[in-house]
Amino acid sequence: MPQSLPPDTMPTVALVTGANRGIGLEVTRQLAQVGMTVILGSRDLAKGEAAAPIVQADLAVLPQPLDVTDPASIARLTEFVEQRFGRLDVLINNAGILYDTWQQASNADLAVVQEAWNTNTLGPWRMAQAFLPLLKRSSRGRIVNVSSGAGALSRMGAGTPAYSTSKAALNAFTRLLGAELQGTGILVNAVCPGWVATDMGGSGGRPVAEGAAGVVWAATLPDDGPTGGFFRDRKPLDW
């Protein structure tokens, strides 16, 4: 179970990207259940607004339009968060695309690879750069990059070249940013939710709530928690 955060005069504010379905929606629900105000980022605002009541009617969930590939969209959301809350406590970079099982490195369509990198790697990078000033205003900033075991060099095979390389690069970014922010109070970690039964993962995976729990754990780490790590189910993974 995620740990409850200590009471404060202001709500703990979290932002989840790609949150209108799957792991992102479940992470939103679990964060709201521990008392956070959660901004539900969705490329399609109508889908975000439709998803928000699914979380739970009495929880603080704010649907907002967000396209992590569009700097202007990110800038608009940054301005909204600054004006509404003055800070951000938790950033969950969950938006991800293109599990390209039909490709191999030797025949990969590089336009597809570029598309995957734009969302899966550069999206979190853009978000972190945009929201770092607001995270630095928090007393316990947390950044969680939702990654995948497919991005671990230690177990990488021949398949899904666009997805796997984009997640490997996301892991590298996690290490870089975690080291840079060491001592600032902002913890940065990558989390693999495992094979989860979602639209991307397909049927047969474990329940979405189990995969989301590891993300929520990283979002609610104590101040002496790890940073710059790669985890699944609270346990370190090989890179």
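Tyrosine 99 is partly exposed in this predicted model, with a relative accessibility of 39%. Its ring pairs with that of tyrosine 163, and because the centres are 5.0 Å apart and the planes stand at 80 degrees, the pair is edge-to-face. The partner ring differs in its surroundings: tyrosine 163 is buried, at 8% relative accessible area. The two residues are 64 positions apart in the chain, tyrosine 99 in the loop between strand E4 (90-93) and helix H4 (110-120) and tyrosine 163 in helix H6 (residues 161-180). In total, the structure contains four aromatic pairs.

The loop between E4 and H4 also holds leucine 98. The phi angle of leucine 98 is positive, near 60 degrees, although the residue is not glycine. Leucine 98 is partly exposed, with 22% relative accessible area. A positive phi, near 70 degrees, is likewise found at arginine 234, another residue other than glycine. Arginine 234 is located in the loop between E7 and E8 and is partly exposed at 41%.

The strands form an open sheet of eight members with mixed pairing, in the order E3-E2-E1-E4-E5-E6-E7-E8. Strand E3 (61-65) and strand E8 (235-236) are the edge strands, each paired on one side only. E1 and E2 run parallel and are joined by four bridges, with valine 13 bridged to threonine 37 of E2. The side chains of E1 alternate: Val13 and Leu15 point one way, Ala14 and Val16 point the other way, and all are buried. Further along the sheet, E6 and strand E7 (residues 229-232) are parallel and share three bridges. Alanine 190 has phenylalanine 230 of E7 as its bridge partner.

Alanine 190 is also among the contacts of threonine 174, a residue of helix H6. Threonine 174 is buried, with a relative accessibility of 0%. Apart from neighbours within four places in sequence, the residues in contact with threonine 174 are Asn145, Val188, Asn189, Ala190, Gly228 and Gly229.

Helix H5 (residues 122-135) has 14 residues, which should span 20 Å at 1.5 Å a residue; the end C-alpha atoms are 19 Å apart, in agreement with that value. H5 nevertheless bends by about 35 degrees at glutamine 129, and proline 133 follows within four residues. The buried residues of H5 include Gly123, Pro124, Met127, Ala128 and Phe131, together with Leu132, Leu134 and Leu135. Elements covering these buried positions include strand E1 (13-16), helix H3 (71-84), E4, H4, strand E5 (142-146) and H6.

In soluble globular proteins, nonpolar side chains tend to be buried together. The largest nonpolar core of the model comprises 31 residues, of which Val16, Val27, Leu31, Met36, Ile92, Val144 and Val215 touch the most other members. At least two residues of this core come from each of E1, helix H1 (22-33), strand E2 (37-42), helix H2 (45-55), E4, E5, strand E6 (187-191) and helix H7 (208-219). The greatest contribution is that of H7, with seven residues. A second core, separate from the largest, has 27 residues, among them Val68, Val81, Leu91 and Leu134. Leu134 is also one of the buried residues of H5.

Notes
Residues numbered from 1 in each chain as written. Heavy atoms only, no water. Phe/Tyr/Trp six-rings, centres within 6.5 Å; stacked < 30°, edge-to-face > 60°. Buried < 20%, exposed > 50% of the residue type's maximum accessible area, 1.4 Å probe, protein only. Expected span 1.5 Å × (residues − 1). Bend = angle between axes of the 7 residues up to and from the residue. Contact = heavy atoms within 4.5 Å. Core = buried A, V, L, I, M, F, W, Y, C linked by side-chain atoms within 4.5 Å. Pairing = 2+ DSSP bridges.
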